Amino acid sequence: MKKQWNVAIYARVSTDKKEQQESIPAQIDSLKLWLTSKKKHDKINIYKLIDIYEDQGSSGSSFQRDGFIRMREDIEEGLVNMVLTRDLSRFSRNYIMAGYYLEEYFELKRVRFVSVLDNVDTIEDYNDIIPFKNILNEMYIKDCSRRTKDGLKQRMLRGSCIASKAPYGYRLKTIYVDRLKHVELVVACDGTEKVVKEIFRLYLCGFGFQKIADYLNSKEINTPSNSKDKLWSNSTIRYILTNPKYSGVMAQHRWSKVNYKIDKVVEVPKEHWIIGEKYQGIIDKKTYDKVQTTIKSRKKTYRHKGIIHLFSSVLFCGECNSPMYYRQKYKGYKCKNSQSFSGLCTAHSIKEEVLLSGLKEKLKESVDNNVFFKLNKKNMSIEEINSVLLFENLSRQDIEQIVDKIIVHEEKNSNKKTVDIFLKFIIV
Ligand SMILES: [Zn+2]
């Protein structure tokens, strides 16, 4: 009996200029040609083109692409059992993920994978060249990322603003110094600078981040993104109040990508910021500094009053499986059943600081191992993601997003406690 191959054609161009030489229509045409010729010459198989999946402008190092996701859904549905692509670099530049798809996922789903230019067809003997080519692809993107970074660093060292958009309240002004492009920040003078001043003033009057946001929303003041349906938020206010650029200091490289594989940023320690020349800021240095110390001192009191019950919804007793609840006096959590005097469970408890440091360690380890967390909420701004990743600012909501559950075990005799943390992460 003839075997029927239900074919998915996968085509992609990235934002990478080098790759754009072959457009998506050209890739699709050549893959269709390949398929026609295969149909003609292969007498023992039947080929049926199911659909064409394409991704434009997404970087090859990330597997989160719409066309790719749609194709994977069709594989899951059993509609597709063969994937046809031009070359492996179209497919992925991330060795770990490509390896996963080629060596595990496709094999598991019994999907045949053909990469025309690489001469790879998994129906034949498993090709030794695949892992090697994948590594080359990965080295290529790593190199691109390093070269872009070097260029940006040179510009930052010259004190030129590298942002594509000026911070709210400023505008960008390009001048040329010794024929080198230099981008300065100048006060916008369109009213937005007044809003910035108002934000700093309100904060020193005792308003919190959220209260300032609510106030600006009630006045229907346009947000930095300038879109009507967007509202001011807690994190936007925080971002403005802590941005040194408002005090006339060109501080850059304050956030950095974890690595070229993950679209995730972490805060750079202050000593590694790149500071350019001073310029006319919207806020004077004294006010700015006062706001920074106020933020620090308010955070301390907030921590004692506000951020309790961080783990209430994810924490369980290892003996009776019941939730563990926060006890103010203990500064930690105790098993619900041991508290109700029901005799259902013996006293189990865990300090909140132990949980926090355990989670911190686990998160660090996971990021090191390139685990992707389910943090990619739609409409989440970069500031919001930053504040989530800054461990100190993890809210209960953040924890619920990252943590599946935490189980506390306590040895009966020795009182020795172990904490099992289960995180929610995604493979693709
Ligand atoms: Zn218990």
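This passage walks through a predicted model of a single chain, from its overall make-up to its sheets, cores and a few individual residues.

To start with the overall picture, the chain holds 13 helices and 19 strands. Of its 428 residues, 26% count as buried. Contacts often reach far along the sequence: among those between residues at least 6 apart, 60% join residues at least 24 apart.

Confidence comes next. The mean pLDDT of the chain is 79, with 75% of the residues at 70 or more. Among the elements, helix H6 (residues 192-204) has the highest mean pLDDT, at 94, while helix H12 (residues 382-389) has the lowest, at 50. Two stretches call for some care. Over residues 302-307 the pLDDT is below 50, and beyond near neighbours in sequence this stretch makes 1 contact in the model. Residues 376-383 also have a pLDDT below 50, here with 6 contacts beyond near neighbours in sequence. Where pLDDT is low, the predicted coordinates should not be read in detail.

A good place to begin the tour is an open sheet of 5 strands, laid out in the order E2-E1-E3-E4-E5 with mixed pairing. Strand E2 (45-56) and strand E5 (120-121) are its edge strands, each pairing on one side only. Strand E1 is mostly covered, as 8 of its 11 residues are buried. E1 and E2 run parallel and are joined by 11 bridges, and Tyr10 has Tyr53 in E2 as its bridge partner. E1 also pairs with E3 in the parallel sense, through 4 bridges; here Ala8 sits opposite Val83. Moving along the sheet, E3 and E4 are parallel too and share 4 bridges, with Thr85 facing Ser115 in E4. Helix H2 packs on this sheet, where it touches E1 and E2, and its direction makes about 150 degrees with that of E2.

Several of these elements turn up again in the largest nonpolar core. This core has 24 residues, of which Ala8, Ile9, Tyr10, Met82 and Leu84 touch the most other members. At least two residues each come from strand E1 (3-13), helix H1 (24-41), helix H2 (66-76), strand E3 (82-85), helix H3 (88-91), helix H4 (95-108) and strand E4 (112-115). The biggest share is that of E1, which gives 6 residues. Ile9 offers a look at how such a core member is surrounded: leaving aside neighbours within four places in sequence, Ile9 contacts Ile28, Leu31, Leu49, Ile52, Tyr53 and Leu84. Apart from this core lies another one of 19 residues, including Ile199, Leu216, Trp232 and Tyr288. In soluble globular proteins, nonpolar side chains tend to be buried together.

Leu216 leads on to helix H7 (residues 209-218), where Leu216 is buried along with Phe209, Ile212 and Ala213. These four residues lie on the same side of H7, because they cover an arc of only 100 degrees around the axis. An α-helix has 3.6 residues a turn, so residues three or four places apart point the same way. The cover over the buried residues of H7 includes H6 and helix H8 (234-241).

Just after H7 comes Glu220, in the loop between H7 and H8. The phi of Glu220 is near 55 degrees, a positive value in a residue other than glycine. Glu220 counts as exposed because it has 8 C-beta neighbours inside 10 Å, where the cut-off for exposed is 12 or fewer. Lys331 makes a second case of this kind, with a positive phi of about 55 degrees although it is not a glycine. Lys331 belongs to the loop between strand E13 (324-327) and strand E14 (332-335). With 12 C-beta neighbours inside 10 Å, Lys331 counts as exposed.

The last stop is an open sheet of 3 strands, in the order E12-E17-E18 and with mixed pairing. Strand E12 (315-317) and strand E18 (417-423) form its edges; each has a single partner strand, so one side of each is left without a neighbour in the sheet. On average, neighbouring strands of this sheet are turned by 20 degrees against each other, direction ignored. E12 runs parallel to strand E17 (residues 403-410), and 3 bridges join the two. Across this pairing, Cys317 stands opposite Val408 in E17.

How values were computed:
Residues numbered from 1 in each chain as written. Predicted model: local features only at pLDDT ≥ 70, side-chain atom pairs only at ≥ 80, totals over all residues. pLDDT = per-residue confidence, 0-100. Contact = placed C-beta atoms within 7 Å. Pairing = 2+ DSSP bridges. Axes fitted to C-alpha atoms, helices over the stretch in contact; angles between N-to-C directions. Buried ≥ 20, exposed ≤ 12 C-beta atoms within 10 Å, placed from the backbone. Arc of directions from axis to C-beta. Core = buried A, V, L, I, M, F, W, Y, C linked by C-beta atoms within 7 Å.
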